[in-house]
Amino acid sequence: MSNNNNSVHSIHEFDFNLICEYFANVERQGPGSPETTIKALSFIDNLTEESRIADLGCGTGGQTMVLAQHVPGKVTGLDLFPDFIHIFNRNAEQLGLQDRVKGLVGSMDNLPFEKESLDLIWSEGAIYNIGFERGLNEWKQYLKQGGYIAASEASWFTDERPDEITDFWMANYPEIDTIPNKVAQLQKAGYVPVATFIIPENCWTEHFYKPCSVAQENFLKKYAGNPTAEKLIAGQRYEESLYHKYKAFYGYAFYIGKKI
Ligand code: SAH
């Protein structure tokens with residue numbers, strides 16, 4: 001979901017509900033896949049039944065449930081949107097994970113955790129809402145020493161690229177940067193850069209855009225003639241067309257760091 005906090009708060013309540021309704025109807029709200037979640041997890045050790053894990057900007061919990069099925073410990077999902085958390089908790093229950101996995105409504109810039117209480121902070125396609133560097137710096141206080149952060153983040157693959165794609169990102173998330181620069185930010189924020197990898201193309205095509213296009217058609221049918229709905233979907237489709245055109249130049253990378 002590519003709305004930053006400011007735009008979310010400045011749009012009309014009805015528009016806001018529409019946007020939530022659209023995104024509530026897709027399996028995930030950003031690019032990723034179960035295989036990618038498990039791969040990122042493979043760089044993290046020492047998790048036990050006592051571990052406390054937070055998934056920030058969890059959405060409806062696609063990746064949270066995968067995470068919970070592959071690690072011991074308790075997982076708290078946090079998202080700003082109550083509708084997403086409602087679906088999240090329903091999903092946890094359907095999978096029999098409700099004793100270990102709980103969704104909470106809250107904001108990533110005001111976390112409800114005790115200092116030095118978390119073993120792992122997870123965040124897929126969501127840290128941009130607070131900004132990568134700010135998130136790394138502020139969230140660190142909630143991690144125990146030796147705890148991990150694993151976050152996926154928009155990244156440039158090359159030093160130079162066509163203007164159209166540069167302009168799009170500068171207008172939407174100017175903090176996008178090259179992978180070496182992001183790794184340097186991770187290190188500067190007080191983490192050992194444990195691993196980084198580019199998430200594969202099928203995280204965008206198969207696991208994100210494909211389910212989105214089904215949801216888009218249903219949504220447009222339901223809200224035919226509604227300018228807000230049509231604008232929302234046109235924006236989503238434009239973003240997708242940019243991805244197909246410029247995927248050699250940008251994507252998401254996972255960054256895994258260990259708090260020193
Ligand atoms: N991690 C999920 C969702 C990514 S989309 C996935 O990969 O599918 C980004 C998510 O961040 C959305 O669910 C959005 O509601 C949430 N979000 C936006 N601003 C937030 C904030 N300030 N605090 C917590 N969550 C936020």
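**Notebook: Ser-107, Leu-104 and the H3/H4 pair**

I looked up Ser-107 first and found it buried, with a relative accessible area of 19% (buried means under 20%, exposed over 50%, partly exposed in between, with a 1.4 Å probe and protein chains only). I note that this is a predicted model, in which local features need pLDDT of at least 70 and side-chain atom pairs count only at pLDDT 80 or more, while totals for chains, interfaces and linings use all residues. Residues are numbered from 1 along each chain as its sequence is written, and side-chain values use heavy atoms, with hydrogens and water left out.

I then asked which residues Ser-107 touches beyond its neighbours within four places in sequence, and I found Leu-78 and Leu-80 (contact means heavy atoms within 4.5 Å).

Next I turned to Leu-104, which is partly exposed at a relative accessible area of 36%. Leaving out residues up to four places away in sequence, I found that Leu-104 touches Thr-76, Gly-77, Leu-78, Asp-79, Ile-85 and Pro-112. For Leu-104 and Thr-76, which are 28 residues apart along the chain, I read a C-alpha separation of 7.1 Å.

Last, I looked up how Pro-34, Thr-37, Ile-38 and Leu-41 of H3 meet H4, and on the H4 side I found Gln-63, Val-66, Leu-67 and His-70. I sorted the residues of this contact into 5 nonpolar, 3 polar and no charged (Ala, Val, Leu, Ile, Met, Phe, Trp, Tyr, Cys and Pro count as nonpolar, Asp, Glu, Lys and Arg as charged, and the others, Gly among them, as polar).

Note on methods
Helices (H or I, at least four residues) and strands (E, at least two) are DSSP runs, numbered from the N terminus.
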